[in-house]
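Visitor: I am new to this structure. Please take one part of it, look at it closely, and then set it among its surroundings.

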Protein chains: 2
Amino acid sequence: MNGATTSVELRAHNRVRLLRAVHDCGATRTRSQLTRDLHLARGTASVLVAGLAEDGLLHEEPAPGAARGRPTHVPGPHPRGPLALAVDVREDAWELAACELGGRVTVLDVRPHDGTPEGALGPLGEAVRAHQARLGPRAVGVGVALPGPVRHGGLVDIPHLGWRSVDVPALLAPDRGGAGAPVPGGPLVGNDTALAALAEARRGRLRGVRVGLHLHVDFDLGGVLVVDGRPLDGAGGSGAEFGHMPLTGGDRPCPCGATGCWSMDVGANALLRRVGLAYGGGRGREQAEHVLATSEEAVAANATALGRGIAALVNALDPEVVTLSGHGVELYERASGQLLAACEPGLMAIRRDRPPRIAGSALGWRGSLLGAMESVFDEFLTPEGLDRWRESHPDQAPDTPEPQNVTHSTLKGRNPI
Amino acid sequence: MNGATTSVELRAHNRVRLLRAVHDCGATRTRSQLTRDLHLARGTASVLVAGLAEDGLLHEEPAPGAARGRPTHVPGPHPRGPLALAVDVREDAWELAACELGGRVTVLDVRPHDGTPEGALGPLGEAVRAHQARLGPRAVGVGVALPGPVRHGGLVDIPHLGWRSVDVPALLAPDRGGAGAPVPGGPLVGNDTALAALAEARRGRLRGVRVGLHLHVDFDLGGVLVVDGRPLDGAGGSGAEFGHMPLTGGDRPCPCGATGCWSMDVGANALLRRVGLAYGGGRGREQAEHVLATSEEAVAANATALGRGIAALVNALDPEVVTLSGHGVELYERASGQLLAACEPGLMAIRRDRPPRIAGSALGWRGSLLGAMESVFDEFLTPEGLDRWRESHPDQAPDTPEPQNVTHSTLKGRNPI
DNA sequence: GGCTTTTGTTCACGGTCAGAGCATAAACTG
DNA sequence: CAGTTTATGCTCTGACCGTGAACAAAAGCC
């Protein structure tokens, strides 16, 4: 992102570039490929890799495929290297995972909860602290995805669960008592839509896309613009709320406090309402999935509302691609016709010539969790982050036991990964 | 923006940083202040300034105020330094100016036109070419602001003037015959709203603001998000069209091809329609100004629609500041009460706690022209741009006569600068 | 007029990367 | 199976850059 000014910053900058390249490609590229991609001299790459390996950040393995010349190696995560703890908190359950550099995910824990701030975040905090203690300095950060707007580094509102300015960092670590202020080393709290978009930008269908629009459909609808691989999260961190614009002409009051929000017409709650079932409070995920699978009419209504809103956003923002995650994937698969039919008349004439691609996410329901991981590594893969690592690893990293590879059942929804 | 990788890139990067700092502060800071601001050693700054002065890019003048120690100097534009040609094309007239590094503007020409592509751009192209010939290599680029969406580097649509995919670069320079492709050295065509937002970000009320929303009101309404000093112009360059979302619940067909656009309810055309006068086709600027000054009712209707749309966008994007330019300044001065009253009920509850500031532009009607200038310097103030300059100035720049300092009357509207 | 303060200039020094030359390790060739 | 080809890793030299200290310069202050 930013530029180096002095020679020593230059070295730090190149260390970060190399490490990020390894992470972004999922530890698949060989050293010689990386050398070319980053326009480095072979000697420079040699020094950089050696340094990162010595710091316990990288570990080279022989490259699998046999090629013509001298065999090269694939730099990947160090066996005692940094781990990001990532959490996806939904309205009815949470999932905790440890993630290596490169993006390999090991699910550590999955638990349902009662929808209250204490009921959800208390046990989660305990689990996080236990794993942090077990992993020691290998745990370089905690990223948490939450299904509501996040303000000023941790205050979360989820109107339909009755969460009002819930201080998530404080509830996760009661002793540290941070009043909304982002404690150094505290959890990185983010909106699930914004984090799903981040994952999509790094490892999904928005990879390499300069301007993309990501929409995340769960109980309600979130949306955010992704520019140059970064979701635009607003001034206070809560800028992924495209669902709270009155794009579909409704006049129903929204729990958010406004009226006629697009979000009222798309998502699990809208599906349930459409068929006359009870909705709200984070309940009814299974019924909603049943409706999605069986009620042609409710699906069509959802898809129509989705399409109309997409048209408005495409007019305004001119994205190259529109991606859908959560229920959006199935909604698009089952009713792309209605969606596109509702979208087209809402487009400006000049947009109809070259409409953006619309695509389901490649990450399924894993987006928010992966985005939480990326948010941790985004902070770690900086000169400052690597300096901290170096300080916490005086010479040789102590032998930490591998994280238990028990993979619990993951949160509901398909998991293509 | 991006970072240097090698030592020599580092030098180029620091040259750019210094030059940009001079430009951004309007050539007001002293060399010692710049040295501190950029965290440079005095020796480095010395070498950099000397190099830039020798290249004909900077020229140091003694600092005006007398301080305690050894007197310092103020680096400013070189008398034979680079000039950006900037053009603001409106529906009924255009204005051409030459701009020095640092932002000093000299208006070169102002002319009304008939609203046709040829009528507007033919004479403009002649004027531009004449000045380019006069200035030689000092003219480092041409930036053009146009009141409609700009696609793929130059194709412009202005529905209410009947412009459909007008190839602006080709019409400005018929001999070069670029078919929409951005010719190297060709004009940088941009949307007036996006460029007004750019100017606001660099020299107006969005300076230093991480996330801001800028709305430009002329005959109709344009809007764009500004992040880190950069307006988000979409995948094809036409992402400043917040006016073409159905935010106010109308159902009137819009010339753009969609229905119920916000833009139908705000701007000169909306004012004229409200009082029953003829509108469209870029005519009626003076009548609209009269309506704005006299009709309480039409102004209130405009302000209400503006406020309602702002609420939706604030919900979605969480900007820190909302700025208004063009007629928006007067609209806000005359009816901020109605605007805010319409905005508030549309906000999410969490936004009502900390609503963004709303402010009239500090640049009045000059924004688009200044933004056109900034777009030229944004391309010039890069390692590549400075290399081109060095190549076109083999050793010592030839003596070019100063641009005539005749300042024509500027385009209609107040000009605080 | 001498002292203090601030800034510009010069230069030795350490750090960084590019590039060339050489070593290495595989596949290919006959 | 031995020589050739090819691609890569390693090492060293050279050029470049910014830092920081020492010195010079130019003003205000006492």
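Guide: Contact here means heavy atoms within 4.5 Å. The model is predicted: local features need pLDDT of at least 70 and side-chain atom pairs count only at pLDDT 80 or more, while totals for chains, interfaces and linings use all residues. Residues are numbered from 1 along each chain as its sequence is written, chains are lettered from A and ligands numbered from 1 in the order in which they are written, and side-chain values use heavy atoms, with hydrogens and water left out.

The close look starts at A:Arg203, a residue of helix α6 (192-203) of chain A; helices (H or I, at least four residues) and strands (E, at least two) are DSSP runs, numbered from the N terminus. Leaving aside residues up to four places away in sequence, A:Arg203 touches A:His23, A:Asp24, A:Gly26, A:Gly102, A:Gly103, A:Leu363, A:Met373 and A:Glu374. With A:Glu374 there is also a side-chain polar contact of 2.5 Å (N or O atoms within 3.5 Å; within protein, one able to donate a hydrogen and the other to accept it, and residues adjacent in sequence count only if both atoms are side-chain atoms).

Elsewhere in chain A, an open sheet of 5 strands runs in the order β13-β12-β11-β14-β15, with mixed pairing (strands pair if DSSP finds at least two bridges between them). Its edge strands, each paired on one side only, are β13 (230-231) and β15 (357-360). Strands β12(A) and β13(A) are antiparallel and joined by 2 bridges; A:Val226 stands opposite A:Pro231 of β13(A). Helix α10 (327-343) of chain A lies across β11, β14 and β15 of chain A, at about 130° to β14(A) (axes are lines fitted to C-alpha atoms, for helices over the stretch in contact, and angles run from 0 to 180 degrees between N-to-C directions).

Last comes the meeting of the chains, with 58 residues from chain A and 58 residues from chain B in the contact. Across this interface the rule finds 6 salt bridges (a side-chain nitrogen of Lys or Arg within 4 Å of a carboxyl oxygen of Asp or Glu). A:Arg151 and B:Asp353 form a salt bridge at 3.8 Å, N to O. There are also 29 residue pairs in polar contact across the interface, both residues at pLDDT 80 or more. On the side of chain A that touches chain B, α1 (7-24), β12 (221-227), α9 (296-317) and α11 (349-353) of chain A each supply at least two residues.
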